[in-house]
Amino acid sequence: SRGQREIVEEVLSEANKYYSLNELVDRKLYVLKQDYGTFSILFSFVQTVILLAMMITCAVAPLNINPMIGPYPEALDNWGAKDTEKIVDDNEWWRLVTPIFLHGGIIH
C-alpha cells in the first residue's frame, strides 16, 4: 500500500499540471453537455438585429455624440433602456428586462 507521503506528492504534482480540454473531458474532470452554445448564438443574433433596427429607425449618431458607432442616446431610452425614475415613478417595470437586448453601438 502506498504511504500517505506518496499520495500527497501525487496530488500536489497533479495540482500543478495543466490539461488540455480533451484531457479534462477524457478524465471526466470536465463534462461537455453541448457542442456549441445554441442559446448564446441565438441571443447574440437577437441583440444584433435589435441594434440594426435601432440604427435604421433612429439613425446613426455622429462620432462626437456616440463614439461607439451607434444610435443617438435618446434611442436607447425609447427602446427601453434602464431608467430608475421611469421604473419606480411611472411603473415601467419592463425596463428591468429590455436593457439586456440593447447595445450602444457596433464597438460595444
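Q: Which residue takes a positive phi just after helix 3?
A: Helices are DSSP runs of H or I with at least four residues, strands are E runs of at least two, and both are numbered from the N terminus. Here Ala 59 follows helix 3 and has a positive phi of about 75 degrees. This is a predicted model in which local features need pLDDT of at least 70 and side-chain atom pairs count only at pLDDT 80 or more, whereas totals for chains, interfaces and linings use all residues. Residues are numbered from 1 along each chain as its sequence is written, and side-chain values use heavy atoms, leaving out hydrogens and water.

Q: How many helices and strands are in the protein?
A: The protein has 5 helices and 0 strands.

Q: What span should helix 3 have?
A: The expected span of a helix is 1.5 Å times one less than its number of residues. For the 21 residues of helix 3 this gives 30 Å, which agrees with its end C-alpha atoms being 30 Å apart.

Q: Is Gln 47 buried or exposed?
A: Buried means under 20% relative accessible area, exposed over 50%, and partly exposed in between, with a 1.4 Å probe and protein chains only. Gln 47, which is found in helix 3 (residues 38-58), counts as buried because its relative accessibility is 14%.

Q: Which residues does Gln 47 touch?
A: A contact means heavy atoms within 4.5 Å. Leaving aside residues up to four places away in sequence, Gln 47 touches Ile 100, Phe 101 and His 103.

Q: Against which helix do the buried residues of helix 3 pack?
A: They pack against helix 4 (73-78).
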